[in-house]
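Please open the structure in your viewer and keep the selection tool at hand, since this tour goes from one selection to the next.

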Amino acid sequence: MFAIIGASGNVGRSTSSALRQAGMPVRAIVRDSAKGAPLRELGCEVAVADLQNPASLEKAICDADTVQVILPLRPLVKDPAGDLSLSGTSIIHALRQTRPSRVLAISDYGAHVSENIGMPSIFHEFESLLHTVESYKLILRSAEHMHNWGRVIPVALSSGTLPTFQDPIEMVLPTISAQDLGLIAARLLLRPQSGSDLDIVHAEGPRRYSASDVATALSELSGRTIHAHAVPRSQWKSAFEQLPTSLADLLIKANDAKNKGGLVDVEPNADEVIYGTTELIEALKRFTNSPHNSQNLGRL
Ligand SMILES: NC(=O)c1ccc[n+]([C@@H]2O[C@H](COP(=O)([O-])OP(=O)(O)OC[C@H]3O[C@@H](n4cnc5c(N)ncnc54)[C@H](OP(=O)(O)O)[C@@H]3O)[C@@H](O)[C@H]2O)c1
């Protein structure tokens, strides 16, 4: 049995669907039973559990051989950083109690870095906790998701300017479609297990893109000229002021690290990098077709 946490999300849904297509038994774990219907249609068994309730999580994964875990950001809670830590601790507790033979954990580019670089450091901590779980661990570090751009696309379409914290705007960064990430996770779960008790794999898209590339893709999709504009560093604090303080801090530090270069990236001497196939322009299409879709903010 493959138990997939966050099965109603972009990555979990994609993994669940690919595993079902391969004929595997999948238990889709959702926190809202109403979101289980499309997963049932795929042939998944559906279980309801909240990540922050270890008892419900243990019940949902107790007889699974393989568990795929995510650490989802909830940007609207009062303290998103504290909330991520709480979810991480709860997941680890449930895994220690149930000891599945294999755990695939979605992590973040830059999680290998020991200094505090914001969001990736949350995953640095999460990976350290995972090491204490007595299962075979497959850590799948993901590049930034392409759909994160959805948050600023309505502004870009209406004003012709795409605001970005990526500076310089020509700097290319790794990014991946969340659906490709889910497919890569499924492919990893379907291949024979390596002999070691821990493997780390990085996943990014077919090429790296700059903020200018995003603006060019949006120009092509919308038919109007859009330019990228780097928000000056001195204005970042006010740009993030509507977000909870701990989330603003995670994002500011992560953006500083990205702009510094070489940190939010593949770990030096990493064993394996897998490349998705979805190009940025494909991933952005749905946002230009219906700006309302930009409500799906991903991780911001
Ligand atoms: N976005 C990025 O750039 C990025 C980069 C690197 C890594 N990642 C990681 O990739 C992971 C997967 O991303 P995604 O696109 O699939 O995210 P997503 O579409 O936002 O899905 C998150 C999933 O987690 C579920 N969930 C949230 N809180 C929960 C809780 N307390 N208990 C149970 N389930 C809960 C959600 O359920 P509902 O549907 O009920 O809300 C949803 O199914 C994220 O967790 C993130 O850590 C993201």
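Select Leu51 together with the ligand, and you will find that a polar backbone atom of Leu51 is 2.8 Å from a nitrogen atom of the ligand. Keep in mind, as you look, that this is a predicted model.

Add Gly9 to the selection, where a polar backbone atom is 2.9 Å from an oxygen atom of the ligand, and then His145, which has a backbone N or O atom 2.8 Å from an oxygen atom of the ligand. If you show the surface of the ligand, remember that on its own the ligand has 930 Å² of accessible area, of which the protein covers 89%.

Which elements give two or more residues to the shell around the ligand? Select α1 (10-21), β5 (102-108) and β7 (144-145), for these are the elements that do so, and note that β5, with three residues, provides the largest share. When you colour the shell by class, it shows nine nonpolar, nine polar and seven charged residues. There are 25 residues around the ligand, and those that come nearest are Ser8, Arg31, Leu71, His145 and Asn148.

Now select α1 alone and check its length: at 1.5 Å a residue its 12 residues should span 16 Å, and because its end C-alpha atoms are 17 Å apart, the two values agree. Within α1, pick out the buried residues, which are Val11, Gly12, Ser14, Thr15, Ser16, Ala18 and Leu19. Finally, move just past α1 to Gly23, where the backbone takes a positive phi of about 80°.

Technical notes
Residues numbered from 1 in each chain as written. Predicted model: local features only at pLDDT ≥ 70, side-chain atom pairs only at ≥ 80, totals over all residues. Heavy atoms only, no water. Near = heavy atom within 4 Å. Polar contact = N/O pair within 3.5 Å; in protein donor to acceptor, adjacent residues only side chain to side chain. Areas by Shrake-Rupley, 256 points an atom, 1.4 Å probe, with all protein chains shown as cover. Helix = DSSP H or I, 4+ residues; strand = E, 2+ residues; numbered from the N terminus. Nonpolar A, V, L, I, M, F, W, Y, C, P; charged D, E, K, R; others polar. Expected span 1.5 Å × (residues − 1). Buried < 20%, exposed > 50% of the residue type's maximum accessible area, 1.4 Å probe, protein only.
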